[in-house]
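Visitor: I'm new to this one. Could you walk me through it, one question at a time?

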Amino acid sequence: MRLSTTLILLLATIQRIEAATTHRVEFDSNGINLVGNLFLPDGVDLTATNASLPAVVVGHPWTGVKEQTAGLYAESLAEYGFATLAFDAAYQGESGGLTEDVKNAVSYLTTLSGLVDPERIAGLGICASGGYVSYAAQTDKRIKALATVSAFDVGQYHREPWGGGEVNYTALNDLFAAASERRTREAATGDVELVFSAPMSPEEVTPDLPLMFREAYDYYRTARGMHPRAPNVYVTRSEELMATYDSFDNMRLVSPRPVLIIYGSRADTGYFSQRAYANALEPKEEFVVPNATHFDLYDHTNATVPRLVDFLRESI
């Protein structure tokens, strides 16, 4: 099902019903301490025992942190009456393998007895976490509804040409060989090679770059979204792990739980969302925001948040 522009405008008239308060929380994820921001509707205390709020785990983009777009979405949803958790994934931000982090974030919410209703937890993933949260929801049945915004599959990105297409197995095996060499070099020297996930200077923003990466500089390296705990780097050899991972191959496993896929009509990453939607079973919905790019939806939420609120109220 695909919604029209008229319905988008109608949904945008939904009003916030309350403000939100922020609580810094920590929880364990397979022995790693993760740090998150728990947003609660104003007037609900962290020690409440009879609130039974519906809750949403919100994942951040690839190499991002909780204070950026994930925090914006989490706080916005809390203003509509949801308990929301935006957290730094392992080795990101303040936190000391991402899909298990999503499941452990769900586990943390289930420990908030009386504050959160453990039968009413949803997952929301933005950019790469749109893939990670989807992957987690395929097997974690505690996630009762799934939504993505500007989804990005790091596995498909590393396997296929930009825009999708046939896998070049020669290039893929070259990637694996390079990763193997880096592991050997790490063992010998202790040095870990890092690579940036976005352009770091205006000079690197060239016309031949895909639109998403040109936009990435504007979001991550300017006052618009820049954060000191988000250097936008990853371990180069981890490309071998990402290339063998697939966010959306088993989307059918989410059914009969509802799925909402949101992306912009001008997003050159839209093919990731379209694949996720195609592989999901009913009930599912594709919500395309007119004239919006991948990064537009990071901080322009006038169309996305109202639709998410409506979807979550119906689903959890």
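Here is a short chat about this predicted model.

Visitor: Which domains does the domain assignment give for the protein chain?
Guide: The assignment splits the chain into two named parts. One of them is written as two stretches, 21-153 and 246-315, and that is domain 1. The other is the stretch 166-242, so the pair you asked for is domain 1 (21-153 + 246-315) and domain 2 (166-242).

Visitor: What distance separates the centres of domain 1 and domain 2?
Guide: The centres here are taken over C-alpha atoms. Between domain 1 and domain 2 they are separated by 24 Å. As for the contact, domain 1 puts in 23 residues and domain 2 puts in 18 residues. The distance you wanted, again, is 24 Å.

Visitor: Which helix gives the largest share of the lining of the largest cavity?
Guide: That cavity holds about 90 Å³ of space, and 11 residues line it. Trp62, Ser197, Met212, Tyr220 and Phe295 are the ones nearest its centre, and each of domain 1 and domain 2 supplies at least three residues of the lining. The largest share is 4 residues, and they come from helix α7 (residues 211-220).

Visitor: How many residues in the lining of the largest cavity are charged, and how many are nonpolar?
Guide: Sorting the lining by class, 2 residues are polar. The charged class stays empty, with no residues. The nonpolar count is 9.

Visitor: Is glutamine 156 buried or exposed?
Guide: Glutamine 156 sits in helix α5 (residues 154-159). Leaving out residues up to four places away in sequence, it touches Tyr245, Tyr271, Phe272 and Arg275. Its relative accessible area is 5%, and buried means under 20%, so glutamine 156 is buried.

Visitor: How many of the 12 residues in helix α4 are buried?
Guide: Helix α4 covers residues 128-139 and is mostly covered. Among its buried residues are Ala128, Gly130, Tyr132, Val133 and Gln138. The count for the 12 residues of α4 is 10.

Visitor: In the hairpin of β1 and β2, which residue takes a positive phi?
Guide: Strand β1 (residues 20-29) pairs with strand β2 (residues 32-41) in the antiparallel sense, over 10 bridges. Threonine 21, for instance, has leucine 40 in β2 as its bridge partner. The hairpin has 2 residues between the strands, and the one with a positive phi, near 55 degrees, is asparagine 30.

Note on methods:
Residues are numbered from 1 along each chain as its sequence is written. This is a predicted model: local features need pLDDT of at least 70, side-chain atom pairs count only at pLDDT 80 or more; totals for chains, interfaces and linings use all residues. Side-chain values use heavy atoms; hydrogens and water are left out. Buried means under 20% relative accessible area, exposed over 50%, partly exposed in between (1.4 Å probe, protein chains only). Contact means heavy atoms within 4.5 Å. Two strands pair if DSSP finds at least two bridges between them. On a 1 Å grid over the protein atoms alone, a cavity is a set of points where a 1.4 Å probe fits but cannot get out, and a pocket is an open set with protein on both sides within 12 Å along at least five of seven lines; lining residues have an atom within 4 Å of a point. Grid points are joined across faces, edges and corners, and a volume is the space filled by probe spheres set on the points. Ala, Val, Leu, Ile, Met, Phe, Trp, Tyr, Cys and Pro count as nonpolar, Asp, Glu, Lys and Arg as charged, and the others, Gly among them, as polar.
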